Amino acid sequence: MKKEVLAFWAVSLGIALGLCATLYPYAAVPAATLSRARTPLPVEAMADLDLGEAYGTVSVSDLVDYYLANPPASRSAAAQDEAPHGFGGC
């Protein structure tokens with residue numbers, strides 16, 4: 001019985017590692033994409049964002065200016081105590 005369990009474990013592990021090795025190139029991010037993602041882009045070079053019919057197309061610099069002029073209101077301690085708490089990290 002112990003031999004069969006060890007054989008099953010070894011075959012299962014071999015299949016899992018083989019699948020990982022075979023599918024890894026399809027899941028890996030290319031080096032060029034990774035280097036572009038790590039390079040900061042100036043706000044002026046970013047493409048405009050389409051925020052839907054209500055707001056239309058807005059530049060990123062306008063969004064940053066609006067956020068700096070109108071920061072989100074901080075919640076008071078009483079409001080934080082009244083907030084619903086999720087169970088189990090939800």
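This report walks through a predicted model of a protein, with a closer look at helix 1.

## Ground rules

Residues are numbered from 1 along each chain as its sequence is written, and side-chain values use heavy atoms, leaving out hydrogens and water. Since we're looking at a prediction, local features need pLDDT of at least 70 and side-chain atom pairs count only at pLDDT 80 or more, while totals for chains, interfaces and linings use all residues.

## The overall layout

The protein has four helices and two strands, in the order α-α-β-β-α-α from the N terminus. Both kinds of element are DSSP runs numbered from the N terminus: helices are H or I with at least four residues, strands E with at least two.

Just 4% of the 90 residues count as buried. Buried means under 20% relative accessible area, exposed over 50%, and partly exposed in between (1.4 Å probe, protein chains only).

## How confident is the model?

The average pLDDT (the predictor's confidence in each residue, from 0 to 100) is 87, and 83% of the residues score at least 70. Among the elements, helix 1 has the highest mean, 95, and helix 4 (residues 77-82) the lowest, 63. Where pLDDT is low, the predicted coordinates should not be read in detail.

## A look at helix 1

Helix 1 covers residues 2-27, Y26 among them. With 72% relative accessibility, Y26 counts as exposed. The helix as a whole is hardly covered: zero of its 26 residues are buried.

Helix 1 also bends by about 30 degrees at A21, with a proline, P25, following within four residues. That bend is the angle between axes fitted to the seven residues ending there and the seven starting there.
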